[in-house]
Amino acid sequence: MTVSTTTPPRSLDDPGVGEQYLRLVGDGDEYGAVEIVTALLDNGVPPARVMLDLIARTQSRVGELWAANDWSIAREHAATAISERALGAVAARSSVRPTRGRITVACVDGEWHALPVRILGEMLRLDGWRVDFLGASVPGPHLVTHLHQTGPDAVALSCMLATRLPRAHAAITACRSVGVPVIAGGPGFGPEGRWAQRLGADAWAANAEIAVHRLARDWPPPIDDPYQAAFLGDDEYTHLVRHRGDLVSTALTRLTQAYPPMGRYNQRQHDATVEDLGHVVDFLAAALYVGDEQVFTDFVEWTAAVLEARSVPPVALQIGLKLMRDQLRDYPAAIAIIDAGVAALRR
Amino acid sequence: MDTRSPAVPVLAPASALLRAALDAANEAVLLCTAADHTIVLVNAAATALLPGLEPGASAALCPLPGLARATTEGATLFTDEYRGRRLLGHRRPLGDDHYGWYLQDTTDEIARAEAYEAERARTVFLAEASRRLSASLNQRRCLRTTVELAAAHLADAAVVVLPARRRQSEWMRLVAGESVEQGTLRESVLGEVPGLEEALGGFPPIPSRWLDAAQVPGWLLPESFGAVGALLVTPLPGNAEPAGALVLARHGAGAAFSAEDEMLARIFAARAGAAISAAALYRDQVDTTAILQADLLPPELPQPEGVELIGSYQAAKDALRIGGDFYDVFGPVDDSPETVVVLGDVCGKGPEAAVLTGKVRQTLRALRLVDADPAAMLTVLNRALLGSSRQHRFVTLVVAAISRAEYGRVRLCLATGGHPAPLVLRADGTVEAVPVSGTLIGVVPRISVRPAAVELAPGELCLFYSDGLTEARGGASGAEQYGEARLRDALASCAGMPGAAAVERVRQLVSDWVHGGVRDDIAMLAVRAPARTKLSLMETSTVAPSPFAIDARRGDRRGRSR
């Protein structure tokens, strides 16, 4: 490996600063990464720009590298851990006296991608908010307890994966029924935050910068009766969720019959297959919940791309979809969504 | 009756029969000429309704402005108010030369409709107030909701003043159309607002008409509010003592609070007071809990030179955020430079388990001060627990004394009392259990402890965990335990990661496994020898383990992150 003792960067426009930082986080070089961040701040680069244009941008590069099978999962996790440290260094360097209200920043239950919301939290702190950062995967009841104890003016809720939408909905309804408006963010809420609106969120922001702007003007919005949109989903959704275990087990048995080498799978491979089949059910359930097949077609297209990068033929996914479809004959909406997924796969 | 008959002159007085027929009617009738609006007949009902109106007068010049205007403009309908009565009139043509105004007294009907509307508005307001006030247990939010509702429905400005605590009184106010403000006041100035001391003292509310609005001190409302026209001070009833007082103000010289307004304000204040005092009770409980928690929560971990310590604690119940699992770290003492870590699990959950946890931690801390080795710590702890009278619970735990060895290596001397053996993640990705064993603590008088020692090379990690991790139920059936085999596998996939990332990843994998909220306490503590050289994460060899090959993904879709 080449030694990375280039001169410290002076501005984000320096050629190669992004590449250098990416290499450092990828190597797990915490000191090197923090050094770059510190040098940029020393040279007067605003903290917000360091967070958005360096740390956040690099993080999405890391995701792409993983999806393309260029980076291992361990390397991706290591890079994220280093970026968290770098973010901590930015935060430690900039203190702002709170002038606005208090805000709670959290990830939906089951959502583990905490770095984007940590960046949002720091951005809001810079803008004068008093921020309570609850971190990754915050169960709904924990969130509500926190709201009763601190009485914030807003909750910023992040959801990266559409499978968490039902739980996001429960959290949004709970926040609004204790009188705290919710601003939603993250790609889990769909294109242009379409599903955030469906779930009753008071606002949606495409990124941290927009969220900061949105919260800076006419906030809080008036809250209507939160129970008007408290129930989504129908009997098909209920069936799918209640029989998730059966659907997965049956699909697994049939898969073993259709694909004999599966009989020789070890525990780990077996668990991974169970999890993959579970994802099919979960995305299907989420699509039924918000009543939009795009939840499912997005998942299918994305999975196909990931598989392709790992040289797995798309027929594997097709078999999985077919095994679910066979078990859902009496559920026309679910069938229509699966068919849309199969069609997306052919494109 | 044919009015066009030439036998009846235009201005002739009406026949007796016509008169009698019209006098017998309930409706008030004014018979007028079409040519010049002269009233030719006023029936008995009309005389009662419009005393003083005589035949011969002109309808266009009569003392009812509404009727006069409608007559001149040729309208067929008018409404008017005369001597306290509300009137509704219709004009109907009676042949070519005459027409009649038919008048109804709608006073009672309108009053009923108005009363109904007002009642409906009150009901809607109180329903909204109940919904919004009962929603939050946070006192600040309850106060805010109270002033918002009051300023929107009851007055032009609302101020809530809380009873003084340590001679300071908190207040929150809202002038309609402005934003909420809050602050504190000295107790001594409260008497400047008429009726406020009485309201905060628990006395019955004073009617608004007895409160002199001119006496309101300048600090109560912003200057922009102008002169206060009417003032109403209502106690907010609480838990046997007032939760505060609601001060309402209307501006303008003619402003007043009617008896109905005062009654509504009192009903509203009762609901607001209940919400605010419940929130105060909750706050007291939270404050108490926070004090207790401070000693029972997992400690912030020190970072001794040359050793990486990472903890993770997840309580099943959030109300207390403490349970039966715990870990603790004791730093070096005079005679021994070692750092001692302990991770354990008290049988049971909730506050009782947490209290015992506290005792166990305190005992271990004391034992550490006398430089007891891990096995001795367990033996003494066992005797101490058996000796305590109220003890019906047992404890499992692992104790490790950590020291630094040559070449960046870290050495651990461990002993366990019936706890799952810690796992070591080696640099080559293999995972092995530390060969320790021992009896659980707090059950039998004599325990057997077999200590062991392990060394970690730079980058290697030793994970202590509680059985909440391996007993988490999930998988395809939702009832299968996570198990040690999966944990070993999960740990193996963390080879090369920084300690914090490895612990977070294990947490995430278990959370995915249970596919929903984790139901049991889970504690993890990792001891890692820091990697001295750059991590060798570059070489990736990803095998496709499932037909979908998503094993590597495991819930990670950062490719779509913003």
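This briefing describes the domains, sheets and selected contacts of a two-chain structure, chains A and B. The model is predicted, so that local features are given only at pLDDT of at least 70 and side-chain atom pairs count only at pLDDT 80 or more, whereas totals for chains, interfaces and linings use all residues. Residues are numbered from 1 along each chain as its sequence is written, and chains are lettered from A and ligands numbered from 1 in the order in which they are written.

**Chain A: domains and annotation**

- Chain A is divided into domain 1 (17–93), domain 2 (102–229) and domain 3 (235–346), with bounds that come from an automatic or database domain assignment.
- The C-alpha centres of domain 1 of chain A and domain 2 of chain A lie 25 Å apart, and the contact between them takes 13 residues from domain 1 and 9 residues from domain 2, two residues being in contact if their C-beta atoms, placed from the backbone, lie within 7 Å.
- On the side of domain 1 of chain A that touches domain 2 of chain A, the elements giving two or more residues are α3 (47–67) and α4 (73–93) of chain A, and α3(A) gives the most, with 7 residues; helices here are DSSP runs of H or I of at least four residues, strands are DSSP runs of E of at least two, and both are numbered from the N terminus.
- The residues on that side of domain 1 of chain A divide into 9 nonpolar, 3 polar and 1 charged, where Ala, Val, Leu, Ile, Met, Phe, Trp, Tyr, Cys and Pro count as nonpolar, Asp, Glu, Lys and Arg as charged, and the others, Gly among them, as polar.
- According to an unreviewed UniProt entry, the annotation "domain: B12-binding" covers residues 100–226 of chain A; UniProt positions are given in the numbering used here, feature names are shortened, and annotations may be inferred rather than shown by experiment.
- Over residues 100–226 of chain A the chain is 39% helix and 22% strand, and the end C-alpha atoms are 25 Å apart.

**Chain B: overview**

- Chain B has 12 helices and 24 strands, and is divided into domain 1 (16–105), domain 2 (114–290) and domain 3 (301–554).
- The C-alpha centres of domain 2 of chain B and domain 3 of chain B lie 54 Å apart.
- Of the 562 residues of chain B, 41% count as buried, a residue being buried if 20 or more other C-beta atoms lie within 10 Å of its own, exposed if 12 or fewer, and partly exposed in between, with C-beta atoms placed from the backbone.
- Among contacts in chain B between residues at least 6 apart in sequence, 58% join residues at least 24 apart.

**Chain B: the sheet containing β6 to β10**

- An unreviewed UniProt entry lists "domain: GAF" for residues 138–286 of chain B, a span that is 32% helix and 24% strand and whose end C-alpha atoms lie 11 Å apart.
- An open sheet of 5 strands has the order β8-β7-β6-β10-β9 (chain B), with antiparallel pairing, two strands being paired if DSSP finds at least two bridges between them.
- The edge strands are β8 (181–186) and β9 (228–236) of chain B, each of which pairs on one side only, and the twist averages 20° from one strand to the next.
- Strand β6 (residues 157–161) and strand β10 (residues 244–251) of chain B pair in the antiparallel sense over 5 bridges, and B:Ala157 stands opposite B:Ala249 in β10(B).
- Helix α5 (residues 139–153) of chain B packs on the sheet, touching β6, β7 (168–175) and β10 of chain B, and its direction makes about 40° with that of β7(B); axes are lines fitted to C-alpha atoms, for helices over the stretch in contact, and angles run from 0 to 180 degrees between N-to-C directions.
- Helix α7 (residues 259–296) of chain B lies across β9 and β10 of chain B, running at about 45° to β9(B).

**Chain B: the sheet containing β12 to β15 and β20**

- Another 5 strands form an open sheet in the order β12-β13-β14-β15-β20 (chain B), and the pairing is antiparallel.
- Because β12 (325–330) and β20 (452–456) of chain B stand at the edges, each with a single partner strand, one side of each is left without a neighbour in the sheet; the twist averages 20° from one strand to the next.
- Strand β13 (residues 339–346) and strand β14 (residues 395–404) of chain B pair in the antiparallel sense over 8 bridges, with B:Val342 opposite B:Val399 in β14(B).
- Helix α8 (residues 350–369) of chain B packs on the sheet, touching β12, β13 and β14 of chain B, and its direction makes about 155° with that of β13(B).

**Chain B: surroundings of B:Val503**

- B:Val503 lies in helix α12 (residues 499–514) of chain B and is buried, with 22 other C-beta atoms within 10 Å.
- Leaving aside its neighbours within four places in sequence, B:Val503 is in contact with B:Ile310, B:Ser312, B:Met524 and B:Ala526.
- B:Val503 and B:Ile310 are 193 residues apart in sequence and 7.4 Å apart in space, C-alpha to C-alpha.
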